[in-house]
Amino acid sequence: MKYDIELSGKTVLVTGAAGFIGSNLSRRILEEYGDVRLIGVDNVNDYYDVRLKEYRLQELAGYQNFIFIRADIADAAAVREIFEKYQPDIVVNLAAQAGVRYSIENPDAYIQSNLIGFYNILEACRHSKDGGAAGVSHLVFASSSSVYGDNKKIPYSTEDKTDLPVSLYAATKKSNELLGHAYSKLYGIPMTGLRFFTVYGPAGRPDMAYFGFTDKFVKNGTIRIFNYGHCKRDFTYVDDIVEGVLRVMRKTPDANENGVHFKVYNIGNNHPEDLLEFVQILKEELVRAGVLAEDFDLAAHMELVPMQPGDVEVTYADVTELVRDFDFKPETSLREGLSRFAAWYKGFYGV
Ligand SMILES: NC(=O)c1ccc[n+]([C@@H]2O[C@H](COP(=O)([O-])OP(=O)(O)OC[C@H]3O[C@@H](n4cnc5c(N)ncnc54)[C@H](O)[C@@H]3O)[C@@H](O)[C@H]2O)c1
């Protein structure tokens with residue numbers, strides 16, 4: 001494994017820094033590299049409970065070399081100004097409108113953040129090299145396992161076809177990969193896209209199943225399990241994602257067959273879990289943490305319903321390339337990860 005970027009002493013720009021993955025990545029970098037200047041950008045939108053974003057930002061506020069800028073990446077002038085002022089060496093673009101189902105309700109948010117916002121980041125990276133400046137040496141950006149659509153072949157490999165998206169969200173993420181490749185080729189910006197597979201953990205996203213199910217159980221409500229439970233998800237613990245991103249940030253991709261320094265990787269647990277099994281483990285860990293009562297009746301709080309539009313039956317990451325190039329594979333078990341989530345939930349909500 002040959003790392004060609006030394007993070008020490010560099011300026012790193014993380015967009016989506018108040019978000020779930022962005023805040024965890026930022027904290028890890030700040031903890032590990034006392035001399036990295038970390039610029040966090042986020043518009044702190046209210047897609048989900050803003051208190052969670054504020055809580056995550058508070059955890060970062062204590063680091064002296066953390067600078068937070070509240071800005072929208074869809075605002076070209078704001079992005080330009082940030083790049084001109086701070087001249088980042090490495091950029092990690094995590095800001096996006098996430099979620100598959102919400103893209104039916106509010107498609108505009110996806111076009112704004114995921115397409116226009118991403119384009120503004122690409123343009124800023126391009127112009128960072130103006131006048132012979134060193135500019136951005138590596139752009140790492142979040143893609144998603146959703147680009148695999150209804151892929152029948154498992155596990156999902158980066159060699160598989162991904163041009164049949166089944167949600168607007170997936171279509172925007174695939175577009176990021178295409179735009180990224182073109183900009184990398186045209187302007188010589190090394191770039192790595194990461195297809196994340198269902199990331200979970202403490203202070204995660206309330207719109208995701210493990211969090212939403214917990215909220216419902218606590219309120220004595222009934223959860224709905226789609227496709228009658230015949231779904232499998234490759235759940236990936238957030239610390240594993242952060243470790244993967246950190247390794248990837250430090251190595252620009254080798255040139256591909258067209259001489260472009262661009263590469264896409266899967267980051268997933270490589271171990272899909274049955275949804276019903278997952279709900280059972282979640283319940284057990286919530287009971288263990290004292291969030292739910294010992295005698296909580298799971299069956300009475302569960303309804304099996306048909307598939308939702310845009311959802312897929314299985315996600316399963318082939319991580320051979322990640323292991324080959326970075327000697328790394330997510331390893332945290334679902335039980336361990338959910339146990340940490342349950343403990344955090346108990347503390348945060350005081351249930
Ligand atoms: N969590 C997952 O399971 C998962 C899976 C696949 C891909 N991803 C991708 O990883 C990235 C991070 O995801 P996350 O789970 O941390 O989501 P998140 O919603 O918690 O974080 C995204 C952050 O970006 C900010 N943001 C959104 N639009 C913005 C804009 N236009 N300008 C500035 N900030 C903006 C939000 O306020 C939020 O804090 C996203 O690109 C997401 O699509 C996540």
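A polar contact here is a pair of N or O atoms within 3.5 Å, a cut-off that will help with the close-ups below, all taken from a predicted model.

**View 1. Arg247 and its partner, the backbone of Asp327.** Let us start with a residue of helix H8, which covers residues 238–249 and includes Arg247. A polar atom in the side chain of Arg247 is 3.4 Å from the backbone oxygen of Asp327. Arg247 counts as buried because its relative accessibility is 19%, and buried means under 20%.

**View 2. The ligand and the residues around it.** Welcome to the ligand site, where 29 residues surround the ligand; Asp42, Tyr48, Asp72, Tyr169 and Val199 come nearest. Asp42 places a polar side-chain atom 2.6 Å from an oxygen atom of the ligand. From Asn45, a backbone N or O atom lies 3.4 Å from an oxygen atom of the ligand. Asp72 has a side-chain N or O atom 2.7 Å from a nitrogen atom of the ligand. On its own the ligand would expose 810 Å², and the protein buries 98% of that.

**View 3. What the shell around the ligand is made of.** Sorted by class, this shell holds 16 nonpolar, 8 polar and 5 charged residues. Strand S5 gives the most, with 3 residues.

**View 4. Helix H11, residues 334–349.** The 16 residues of H11 reach 22 Å from the first C-alpha to the last, close to the 22 Å expected at 1.5 Å a residue. Which residues of H11 are buried? They are Leu334, Gly337, Leu338, Phe341, Ala342, Trp344 and Tyr345. In an α-helix there are 3.6 residues a turn, so residues three or four places apart point the same way. The buried residues of H11 pack against several elements, among them helix H2 (50–61), helix H7 (209–218) and helix H9 (275–288). After H11 comes Gly350, with a positive phi near 60 degrees.

**View 5. The cis peptide bond before Pro155.** Look for Pro155 in the loop between S5 and H6. The peptide bond that joins Ile154 to Pro155 is cis, and its omega is near -10 degrees.

**View 6. Positive phi at Gln87 and at Ala203.** Neither residue is a glycine. Gln87, in the loop between helix H3 (76–86) and strand S4 (90–93), has phi near 45 degrees. Ala203, in the loop between S7 and H7, has phi near 55 degrees. Is each one buried or exposed? Gln87 is exposed, with a relative accessible area of 58%, whereas Ala203 is buried at 7% relative accessibility.

Definitions and conventions
Residues are numbered from 1 along each chain as its sequence is written. This is a predicted model: local features need pLDDT of at least 70, side-chain atom pairs count only at pLDDT 80 or more; totals for chains, interfaces and linings use all residues. Side-chain values use heavy atoms; hydrogens and water are left out. A residue is near a molecule or strand if one of its heavy atoms lies within 4 Å of it. A polar contact is a pair of N or O atoms within 3.5 Å; within protein, one must be able to donate a hydrogen and the other to accept it, and residues adjacent in sequence count only if both atoms are side-chain atoms. Accessible areas come from the Shrake-Rupley method with a 1.4 Å probe; for residues, only the protein chains shown count as cover. Helices (H or I, at least four residues) and strands (E, at least two) are DSSP runs, numbered from the N terminus. Ala, Val, Leu, Ile, Met, Phe, Trp, Tyr, Cys and Pro count as nonpolar, Asp, Glu, Lys and Arg as charged, and the others, Gly among them, as polar. The expected span of a helix is 1.5 Å times one less than its number of residues. Buried means under 20% relative accessible area, exposed over 50%, partly exposed in between (1.4 Å probe, protein chains only). Contact means heavy atoms within 4.5 Å.
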